[in-house]
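Visitor: I would like to understand the labels attached to this model. Could you walk me through the reasoning behind them?

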Amino acid sequence: AAKASRMKLDFDGKAFSGPAWDTLVAEGKAAQFFLLGEEHGIAENPKLAAQLFETLAKDGYSKLVIEVSPPMAAALDESARKGMAGLTTQLLSPGASAAFFTMQQEAEMLMRVRAAVPADQQAFWGVDYEVGGDRLLIGKLKAMPKPKAAEEALATLEAASEAAWAKYATEKNPGLIFTFSGDPALVRAVRDVWPDCNAEASRILTTLEETLEINRLWVTGEGFDSNVRRSTFIRTNFLAHWQAERAAGRMPKVFAKMGSSHLMRGRNSTETYDLGSLVPELATMAGVKTLQVAIMPGATSQVAVFDPVAWSYTPASAKDGYTKGLEPLYAAAFEDGFTLINLRLLRPILGGGRTDVEPELMRTVYGYDFLLLMTGSTPSSNLKP
C-alpha cells in the first residue's frame, strides 16, 4: 500500500519538481497551516522549505514558525532584512547564535523566507526556549531604560551568564553553559524590581526564566517534566502569536518547520502533546485545514549532528534509529531519489484496534499526513563567515 501511494520528488540540486512537489503545493494551498516536521541536519530540508514557502506565499503564507524563542525570532527577522550578511554577522557573533541556524542551508532559508514576506510584517514566529542566545537577550535588556534596582539585578544576571560561558569555554563541558547551569531566581530578581517593564522586556525575561526552568528539570533527571514544560511553553507562545493576529483582524497562513516530535499530531515521541496537536484544534475551531508532513533521512543519508563541545556541526550517518519501526515505509522508498508517501491511505490498514503493529509505525501514520523519505540526502554544513 505504501508503494502504491508513493510519489517521486525530483531535485536537480537547485529546485524541486515532480509529482510529489505538485502534491505538496496543492495540499499547502488548501491548508491554513503547513507543519513540516523534520529530522534536523539534512541539507535539502531547508532548501525544500524555502521553495515551498516562496511558492505558497503567493497564496497567503506569511509566517514561518521556527524552533527559537520569540525575542530571538524578532532579532533574526531584523538580521535577515540585511540578507545573508546580516544573518551571518548575528549568528557568528559570540552569544548571539540561534539553534540550528548556524547551519549554512538553514540561514539561507531564513533569508529567502524573509524576502518573500512584505517588509512591513515580521516573517518569523519564535515559539521555543533559548539555548545559545541568552547573552544577546540580556544585551537587549541592558539597552532599555529601567529602575536602578533593575540595573543592579540585571548586572548580577549578566555576570552569572558571562561566568558560565567562560567556564564552558575553558572546560568544554556543555553542562556548564548558562542556559543549563543558571539559576532562574536570578531572572525573577530582575522582574521583581522591574514591575512596569515593557512587553519586549517581559518576553525576554519570560524566555530566560522558562529556559532555565526547563533545562534545570532536564539536568536533574526529570526528563518527562522538562518535556511537558517545554511543550507547554511552545504552545503558549504560538497561541500568543495567533491570538494577536486574530485580535488585529488578520488570519495569516502559517508555515512551521521544527523537529518532528513538535509537529506530530497526538501524543508524540517524547510522550507529550505539542504544537502538532494544538494547531489542528485551532484549525477545527476556525473551519480551516492543517497539513502535517514528516521529513526523514533515507537509509543511506548523512545528517549534520551538533557537537556541543566544539559548538559546531559534523556529518554523521543516519543511524538505524531513524528506521526502527518504520521498515515497511522505508521499504517503499525509491532507491534513486526522494519519496513522498501518502500516509492517509495507510490508515485503514492499521485501524481496527490492531496490536501487532510497531508503535512508531502507528504513531507516524496517524501523526502525519505525508512522509517524505530523503534517500541520498546530504548533511548540512556550518555557516560560512
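Visitor: Which backbone nitrogen lies 2.8 Å from a polar atom of the side chain of Glu-67?

Guide: That is the backbone nitrogen of Gly-259. Keep in mind as we go that this is a predicted model.

Visitor: What makes the pairing of Glu-67 with Arg-230 a polar contact?

Guide: A polar contact needs N or O atoms within 3.5 Å, one able to donate a hydrogen and the other to accept it. The side chains of Glu-67 and Arg-230 are 3.2 Å apart in such a pair, and the contact is counted.

Visitor: Why is Glu-67 called buried or exposed?

Guide: Buried means under 20% relative accessible area. Glu-67 has 7%, so it counts as buried. Glu-67 is found in the loop between β4 (61-66) and α4. Leaving aside neighbours within four places in sequence, its contacts include His-40, Asp-128, Lys-257 and His-262. Phe-100 is also one of the residues in contact with Glu-67.

Visitor: What is notable about the phi of Phe-100?

Guide: Phe-100 has a positive phi of about 75°, although it is not a glycine. This residue sits in the loop between α5 (83-91) and α6 (104-116). Lys-172 also has a positive phi without being a glycine, with a value near 55°. Its place is in the loop between α8 (148-171) and α9 (178-181).

Visitor: Why is Lys-172 called partly exposed?

Guide: The class lies between the two cut-offs, under 20% for buried and over 50% for exposed. Lys-172 has 41% relative accessibility, so it counts as partly exposed.

Visitor: How do you know that helix α4 is mostly covered?

Guide: Of the 11 residues of α4 (residues 70-80), 9 are buried. Among them are Pro-70, Pro-71, Met-72 and Leu-76. Asp-77 and Ser-79 are also on the list of buried residues in this helix.

Visitor: What can you say about Val-113, and why is it called buried or exposed?

Guide: Val-113 belongs to helix α6. Its relative accessibility is 1%, so it counts as buried. Not counting residues up to four places away in sequence, Val-113 touches Phe-53, Leu-64 and Phe-124. Leu-340 is 227 residues away along the chain, and the C-alpha atoms of Val-113 and Leu-340 are separated by 23 Å.

Visitor: Which side chains make polar contacts with the side chain of Asp-369?

Guide: Arg-265 is one partner, at 3.4 Å. Arg-347 is another, at 3.3 Å. Each value falls within the 3.5 Å cut-off for a polar contact.

Visitor: Why is Asp-369 called buried or exposed?

Guide: Its relative accessibility is 5%, so Asp-369 counts as buried. The residue lies in the loop between α16 (359-367) and β11 (370-374). Beyond its neighbours within four places in sequence, Asp-369 is in contact with residues including Thr-290, Gln-292, Ile-341 and Asn-342.

Visitor: And what makes Pro-385 buried or exposed?

Guide: Exposed means over 50% relative accessible area. Pro-385 has 91%, so it is exposed. Pro-385 lies in the segment after β11. Leaving aside neighbours within four places in sequence, Pro-385 is in contact with Thr-88 and Leu-92. The C-alpha atoms of Pro-385 and Lys-58 are separated by 32 Å, with these positions 327 residues apart along the chain.

Visitor: Stepping back to the whole protein, how do you know whether its radius of gyration agrees with a compact globule?

Guide: A compact globule of 385 residues would have a radius of gyration near 21 Å, and the protein has 21 Å, so the two agree. Along the principal axes, the C-alpha atoms fill a box of roughly 70 × 50 × 45 Å. The protein contains 16 helices and 11 strands, and 54% of its residues count as buried.

Visitor: How many contacts join residues far apart in sequence, in percent?

Guide: Among contacts between residues at least 6 apart in sequence, 76% join residues at least 24 apart.

Visitor: What about the surface and the charges?

Guide: The protein exposes about 16000 Å², and carbon and sulfur atoms supply 54% of that area. There are 40 positive and 45 negative side chains, and the centres of the two sets lie 4 Å apart.

Terms used:
Residues are numbered from 1 along each chain as its sequence is written. This is a predicted model: local features need pLDDT of at least 70, side-chain atom pairs count only at pLDDT 80 or more; totals for chains, interfaces and linings use all residues. Side-chain values use heavy atoms; hydrogens and water are left out. Helices (H or I, at least four residues) and strands (E, at least two) are DSSP runs, numbered from the N terminus. The radius of gyration is taken over C-alpha atoms; the globule rule is 2.2 Å times the number of residues to the power 0.38. Buried means under 20% relative accessible area, exposed over 50%, partly exposed in between (1.4 Å probe, protein chains only). Contact means heavy atoms within 4.5 Å. Accessible areas come from the Shrake-Rupley method with a 1.4 Å probe; for residues, only the protein chains shown count as cover. Lys and Arg count as positive and Asp and Glu as negative; His and the chain ends are not counted. The place of a charge is taken as NZ of Lys, CZ of Arg, CG of Asp or CD of Glu.
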